[in-house]
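I open this notebook page to keep track of what I look up in the structure, one topic at a time. The sequence and the model come before the entries.

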Amino acid sequence: MQDYRAFRIHRGDDNDFSVAVESVPASTLPDGDILVRVHYSDLNYKDALGAIGNPGVSRNFPHTPGIDAAGEVVSDSTNQYRPGDRVLISGYDFGMNTPGGLAQYCRVPLQWVCPCPPQLDLPEAMIFGTAGLTAAMCLDKLARLQHKAISDTRLLVSGASGGVGSLATAMAAKLGFQVIAMSGKTQAHDSLRALGATEVISSAEWLEPNKKALLKPQWDCAIDTLGGDALFNIIKATEREGAVAACGLASGADFAATVYPFILRGVALLGVDSAEQANDYKRKLWLHLATDLKPASLRSMCEEITLEQVPDVLASMRAGRSRGRYLVRVD
């Protein structure tokens, strides 16, 4: 195997960080069971943080980010996969302290690899990526507590113009939920209705602390990508015996809470982490994404870019100017 192209993050002597697309020696790939030629990746907020050296993402530099990858097997020392098999990699330590998917090749443990369902092509898989897996997990957890028919259920999606939010909006609408999309980007409201939202509301009034113990119920359940004070406001406005799946912190990691929504309305708060889920569960989620959760609008939900365009998009993500999903054509 020869050198390959990769998007890399470098740390300078003064602890400053720079990024570049460069040729990388094959010897830099870590040990692992499966060598994959990557065709597509995507961009997530973890990648945006990693590009400025956030130690919660990676402490090893130079570093190749990219927490998702879709490609073809080159070799497999375990003989579970054959050369040419289409595979997907998401989560675990991939793209964090281990070189990730924004490169033409990666080498990973067998336990990190899922087969790509035949109903899904590689670009579609990366339009979903970790964001799609997270949204699918949210819907799966909510379904376990759902007491009403889906067609009668009002589901709020906060941060609906973001990666997880836009996918959750489209997927929930396909299932038949009455989706209320919450977004602070007024220019995104029409596109959210096009994804299937029956109602679009502004996030502005939900971002600040509210001293009321409970708010007027406005939805049966919710998928929250914001965190912060918005999360508790959303909980306080959830119907009796409803549930809120929390999967993000776009508005902050901390929020002040009381027990009232939980003991007076029986609202459930469900934490969602897709990165460390068992491989068998991820395979099931990928199959759902390829079939019953796959929206007809999937292809329209992304902007396709090259490795050279990644730095500008990551900067936009950190500035809060990005929208939807970014599909990175690696090969």
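**Thr 238.** I began with Thr 238, which I found in strand β12, and I noted that the model is a predicted one. Is Thr 238 buried or exposed? Thr 238 counts as buried, because its relative accessibility is 0%. Leaving aside residues up to four places away in sequence, I listed its contacts as Pro 217, Trp 219, Asp 220, Cys 221, Ala 243, Val 244, Arg 265 and Val 267.

**Glu 241.** I stayed in strand β12, where Glu 241 is also found, and looked up its backbone. Glu 241 is not a glycine, yet its phi is positive, at about 60°. I set this against the general rule that most residues other than glycine have a negative phi. With a relative accessibility of 44%, Glu 241 counts as partly exposed.

**Other backbone entries.** Asn 79, in the loop between β4 (68–76) and β5 (86–90), is another residue that has a positive phi without being a glycine, here about 65°. Asn 79 is exposed, and its relative accessible area is 65%. I also noted Gly 320, which follows α8 and has a positive phi near 75°. The peptide bond from Phe 61 to Pro 62 is cis, with omega near 0°, and I placed Pro 62 in the loop between α1 and β4.

**Trp 206 and Trp 219.** I then turned to Trp 219, one of the contacts of Thr 238. The structure holds five aromatic pairs. For Trp 206 and Trp 219 I read ring centres 5.1 Å apart and planes at 50°, so this pair is tilted. Trp 206 lies in the loop between β10 (199–202) and β11, while Trp 219 is in strand β11, so the pair ties together parts that are 13 residues apart in sequence. Both tryptophans are buried.

**Lys 282 and Tyr 92.** On a further aromatic ring, that of Tyr 92, I found Lys 282 lying over the face, at 3.9 Å from the ring centre.

**Nonpolar cores.** Which members of the largest nonpolar core touch the most other members? The core has 50 residues, and I wrote down Phe 128, Leu 139, Leu 142, Leu 155, Met 171, Trp 286 and Leu 289. At least two residues of this core come from each of α2 (122–145), β8 (154–157), α3 (163–175), β9 (178–183), β11 (219–224), β12 (238–246) and α7 (279–290). The largest share is that of α2, with 13 residues. I followed Leu 142 outward and, not counting residues up to four places away in sequence, found that it touches Leu 155, Cys 221, Ala 222, Ile 223, Ala 243, Val 244, Ala 245 and Leu 270. There is also a second, separate core of 30 residues, and Val 36, Cys 106, Trp 112 and Leu 314 are among its members.

**Helix α8.** Leu 314 led me to helix α8 (residues 310–318), in which Val 310, Val 313, Leu 314, Ser 316 and Met 317 are buried. Why do I place them on the same side of α8? They cover an arc of only 160° around the axis, which puts them on the same side of the helix. I recalled that an α-helix has 3.6 residues a turn, so residues three or four places apart point the same way. The elements covering the buried residues of α8 include β1 (4–11), α1 (45–50), β14 (302–306) and β15 (325–329).

**Ser 158.** I looked up Ser 158 in the loop between β8 and α3, and found it buried, with a relative accessible area of 0%. Apart from residues up to four places away in sequence, Ser 158 touches Gly 165, Met 182, Ile 223, Asp 224, Thr 225, Leu 226 and Ile 234.

**Cysteines.** How many disulfides are there? The count comes to zero, with sulfur atoms required to lie within 2.5 Å. The cysteine sulfur closest to that of Cys 247 is in Cys 138, and at 3.8 Å it is too far for a bond. Cys 247 is partly exposed, with a relative accessible area of 22%. Cys 302 is in no disulfide either, and the nearest cysteine sulfur, that of Cys 116, is 15 Å away.

Note on methods: Residues numbered from 1 in each chain as written. Predicted model: local features only at pLDDT ≥ 70, side-chain atom pairs only at ≥ 80, totals over all residues. Heavy atoms only, no water. Core = buried A, V, L, I, M, F, W, Y, C linked by side-chain atoms within 4.5 Å. Buried < 20%, exposed > 50% of the residue type's maximum accessible area, 1.4 Å probe, protein only. Helix = DSSP H or I, 4+ residues; strand = E, 2+ residues; numbered from the N terminus. Contact = heavy atoms within 4.5 Å. Arc of directions from axis to C-beta. Phe/Tyr/Trp six-rings, centres within 6.5 Å; stacked < 30°, edge-to-face > 60°. Lys NZ or Arg CZ within 6 Å of the ring centre and 35° of its normal.
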